[in-house]
Amino acid sequence: MSEFNLIKKYFTRLTRQTSLGVGDDAALISISNGMDLAISADMLVAGTHFFADADAYLLGWKSLAVNISDMAAMGANPKWATLAIALPEVNEAWLAEFSCGFFACATDFNVDLIGGDTTRGPLTISVQIMGEVPTGQAIKRSGAKVGDDIWVSGNLGSAALGLAHLQGKIVLENDALQASIHALHKPAPRAALGLALRGIANSCIDVSDGLLADLGHILQASNIGAALALETLPCHDFLRIHLNKPAFQQYVLAGGDDYELCFTAPKSKRKTIYSISHQLNLPLTIIGETHASTGLEVTYLKQKIKITKKGFNHFD
């Protein structure tokens, strides 16, 4: 199968938000009046971000979902994506499943695939995503204020727990196994939450590399510090009963791959944020508070925890 037939068969769909998408030298998009264009890109590499034998459908879903999560963190509405993929060979059964998962995510979040590229090489998936956010309303990392509540959506640590199971470091069963593997392979980007937090959150980031690492980006950009209490962090019951163990503390604090939103907001916004939580049927939890001195302090049952690793870094 030629490169162009591959693209036509597996990655060309009718677009809803652009008049010219896949099939020309460039796509054409029109930005709505009063909007800024938000752009982000993410790369997934076999052996680094996923196992080489990963389920193709779920990999297709995740490759777009992690990019939508970046739009959510900015309060942007995701609209367009491009896909560049390197393939060791043309495996039509794999391509059919991968594209099905990719477009399932695209349909759920109303994103058009408008272009990209294919080539031969080690399995690598690179997605660029674009969205719109009203001018002046993007939620930036640099906006946190002293005295803000620190919030997080959903649960933390489940994806890291699932990875540990697949690596043979721990053995999970029943609900803990199902929940952690689902969190690892099919993350749910919090797009609706990101939109709802416009004008409410002072700062926001998605938790991809680990809570401490990603919250650290907010603190550094905002030139403030924070204190967290580990026992307040939302996590699966299996993790909670083992939180006294350093390895399980690391899953929750630094495991990464959660794709939840961590954000800060004034205490005066608590009632509004709890209302958003109810409307979206999404748990939102206060996990700490920002303060004037720089640095990040973490305690567990009022005892300070020594932080050995804050999150994932490709070049450690």
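Ile31 is partly exposed, with 34% of relative accessible area, and this residue sits in the loop that runs between helix H1 (3–10) and strand E1 (35–45). Together with Leu37 and Ile39, Ile31 makes a nonpolar surface patch of about 240 Å². Because a residue must have over 30% relative accessible area to be part of such a patch, the value of 34% for Ile31 satisfies that requirement. The model in which this patch appears is a predicted one.

From this starting point one can step back to the whole chain. The protein has ten helices and eleven strands, and its C-alpha atoms fill a box of roughly 60 × 50 × 35 Å along the principal axes. A compact globule with 316 residues would have a radius of gyration near 20 Å, and the 20 Å of this protein therefore agrees with that expectation. Of the 316 residues, 49% are buried, while the exposed area of the protein comes to about 15100 Å², of which carbon and sulfur atoms supply 52%. When contacts with a separation of 6 or more are considered, residues 24 or more positions apart account for 85% of them.

The charged side chains offer a way to follow some of these connections across the sequence. Side chains of opposite charge can pair when their charged atoms come close. The structure holds six salt bridges. One of them joins Glu132 and Lys79, with 3.3 Å between the closest N and O atoms; Glu132 belongs to strand E4 (residues 124–134) and Lys79 to strand E2 (residues 77–87), and the pair links distant parts of the chain, 53 residues apart. Both Glu132 and Lys79 are buried.

A further salt bridge is formed by the side chains of Arg270 and Asp149, at 2.7 Å from N to O. This pair also links distant parts of the chain, given that Arg270 is in helix H10 (residues 270–280) and Asp149 in strand E5 (residues 149–153), 121 residues apart. The two partners are placed in contrasting surroundings, for Arg270 counts as partly exposed at 33% relative accessibility, whereas Asp149 counts as buried at 1%. The pair belongs to a network of salt bridges in which Asp149, Lys267, Arg270 and Glu289 are linked.

Arg190 and Glu260 form another salt bridge, their closest N and O atoms being 2.8 Å apart. Arg190 lies in the loop between helix H5 (174–185) and helix H6 (191–196), and Glu260 in the loop between helix H9 (246–254) and strand E8 (261–265), so this salt bridge ties together parts that are 70 residues apart in sequence. Glu260 counts as buried, at 6% relative accessibility.

Asp258 also lies in the loop between H9 and E8. What is the nearest side chain of opposite charge to Asp258, and how far away is it? That side chain is Arg190, at 9.3 Å, and Asp258 is buried yet has no salt bridge. Because a salt bridge requires a side-chain nitrogen of Lys or Arg within 4 Å of a carboxyl oxygen of Asp or Glu, the separation of 9.3 Å between Asp258 and Arg190 does not qualify. Leaving out residues up to four places away in sequence, Asp258 touches Asn155, Leu156, Gly157, Ser158, Ala159 and Val207.

Another buried loop residue is Ile170, whose relative accessible area is 16% and whose place is between helix H4 (158–166) and H5. Its contacts, apart from neighbours within four places in sequence, are with Leu161, Ala164, His165 and Tyr251. The C-alpha atoms of Ile170 and Leu284, which are 114 residues apart along the chain, are separated by 28 Å.

Two further loop positions stand out by their backbone angles. Most residues other than glycine have a negative phi. Asn223, although not a glycine, has a positive phi of about 60 degrees; this residue is placed in the loop between helix H7 (211–222) and strand E7 (225–229) and counts as exposed at 58% relative accessibility. Leu301 is likewise not a glycine and has a positive phi of about 50 degrees. The loop that holds Leu301 runs between strand E10 (295–300) and strand E11 (303–304), and Leu301 is exposed, with a relative accessible area of 54%.

How values were computed. Residues are numbered from 1 along each chain as its sequence is written. This is a predicted model: local features need pLDDT of at least 70, side-chain atom pairs count only at pLDDT 80 or more; totals for chains, interfaces and linings use all residues. Side-chain values use heavy atoms; hydrogens and water are left out. Patches are made of residues with over 30% relative accessible area and no salt bridge: like charges are joined within 9 Å, nonpolar side chains (Val, Leu, Ile, Met, Phe, Trp, Tyr) within 5 Å. Accessible areas come from the Shrake-Rupley method with a 1.4 Å probe; for residues, only the protein chains shown count as cover. Helices (H or I, at least four residues) and strands (E, at least two) are DSSP runs, numbered from the N terminus. Buried means under 20% relative accessible area, exposed over 50%, partly exposed in between (1.4 Å probe, protein chains only). Lys and Arg count as positive and Asp and Glu as negative; His and the chain ends are not counted. Contact means heavy atoms within 4.5 Å. The radius of gyration is taken over C-alpha atoms; the globule rule is 2.2 Å times the number of residues to the power 0.38.
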